[in-house]
Amino acid sequence: MQKIINTSNYFSQLLTLLQLSHRLLPKQVLLSKWLFIGLGLTLLPLFSIAQYSGETMIDKIVAKVDNYIVLQSDLEAAYREAQANPNFGDITKCQVLQQLVVEKLMLAKAEIDSVVVEDARVDLDLDRRMQYMIGNYGEETIEQQFGKSVEELKEEMRDDIRELLVVQEMQGTI
């Protein structure tokens, strides 16, 4: 049995998000009008996945931009990271969601523009990040904390780092 999301406020929140995005995006990020219209059309409320034995939610899609999705778990993790970072100050989930949607929008635009990041650059960035973590915490502490070897962590992070680098590359072209 699936639990249905209440959509009465959804479209008003979407409209507010789209209106705020012009004011909140960095000035150097100028996205054309059709991208915002496309974002509005593809950002659809979807059904949450629930277990039959109760109302325990596994995960749900909170936003969809082109072929990219933002999961509730991704939003929660990014929100926790933003709250833990003192540079962000008071940040709302809506602002975090907006940033995640803008990142997915950049990935979609990068795909259209054929922006790619070389594997060597991804490997270099991964190695740099891992060396930083190992230098600060030690390899044993990292492996105990995550329950995985450093190599397994690197493989797990590879796609996220690639997406991050593609978004950075795309922002550099705009």
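The legends below walk through several close-up views of a predicted model.

**Figure 1. The whole chain is a mix of helices and strands.** Let's begin with the full picture: the chain holds 7 helices and 4 strands. Starting from the N terminus, the elements follow the order α-α-β-β-β-β-α-α-α-α-α. The chain has 174 residues, of which 32% count as buried. Among the contacts with a separation of 6 or more, 61% join residues that lie 24 or more positions apart.

**Figure 2. Helix α7 carries a kink centred on Met157.** This helix covers residues 150-173, which is 24 residues. From the first C-alpha to the last, α7 reaches 33 Å, close to the 34 Å expected at 1.5 Å a residue. As you follow the helix along, look for the kink of about 40° at Met157. Several residues of α7 are buried, including Val150, Leu153, Ile161 and Leu165. Arg158 is also one of the buried residues of this helix. What do the buried residues of α7 pack against? Their partners are α4 (93-112), α5 and α6.

**Figure 3. Lys154 is a buried lysine in helix α7.** Is Lys154 buried or exposed? Lys154 counts as buried because its relative accessibility is 12%, and buried means under 20%. Leaving aside neighbours within four places in sequence, Lys154 is in contact with Leu126, Asp127 and Met130. Take Leu126 as an example: Lys154 and Leu126 are 28 residues apart in sequence, yet their C-alpha atoms are 6.5 Å apart in space.

**Figure 4. Helices α4 and α7 cross at roughly 75°.** Here the two helix axes come within 9 Å of each other. Angles of 65 to 115 degrees count as roughly perpendicular, and α4 and α7 are therefore roughly perpendicular to each other. On the α4 side, the residues that meet α7 are Glu103, Lys104, Met106, Leu107, Lys109 and Ala110. On the α7 side, look for Glu163, Val166, Val167, Met170 and Gln171. Sorted by class, this contact has 6 nonpolar, 1 polar and 4 charged residues. Val166, Val167 and Met170 may look familiar, as they are among the buried residues of α7.

**Figure 5. Helices α5 and α6 cross at roughly 100°.** Helix α5 spans residues 119-137 and helix α6 spans residues 139-146. Their axes come within 7 Å, and the crossing angle makes α5 roughly perpendicular to α6. Which residues make the contact? From α5 come Met133, Ile134 and Tyr137, while α6 brings Glu139, Thr141, Ile142 and Phe146. By class, the residues of this contact divide into 5 nonpolar, 1 polar and 1 charged.

**Figure 6. Asp66 has a positive phi without being a glycine.** Find Asp66 in the loop between β3 (61-65) and β4 (68-71). Its phi is near 55°. With a relative accessible area of 33%, Asp66 is partly exposed.

**Figure 7. Ser114 also has a positive phi, although it is not a glycine.** Where does Ser114 lie? Look in the loop between α4 and α5. The phi of Ser114 is about 60°. Ser114 is exposed because its relative accessible area is 58%, and exposed means over 50%.

Definitions and conventions. Residues are numbered from 1 along each chain as its sequence is written. This is a predicted model: local features need pLDDT of at least 70, side-chain atom pairs count only at pLDDT 80 or more; totals for chains, interfaces and linings use all residues. Side-chain values use heavy atoms; hydrogens and water are left out. Axes are lines fitted to C-alpha atoms, for helices over the stretch in contact, and angles run from 0 to 180 degrees between N-to-C directions. Angles under 35 degrees count as roughly parallel, over 145 as roughly antiparallel, 65 to 115 as roughly perpendicular and the rest as oblique. Contact means heavy atoms within 4.5 Å. Ala, Val, Leu, Ile, Met, Phe, Trp, Tyr, Cys and Pro count as nonpolar, Asp, Glu, Lys and Arg as charged, and the others, Gly among them, as polar. The expected span of a helix is 1.5 Å times one less than its number of residues. The bend at a residue is the angle between axes fitted to the seven residues ending there and the seven starting there. Buried means under 20% relative accessible area, exposed over 50%, partly exposed in between (1.4 Å probe, protein chains only).
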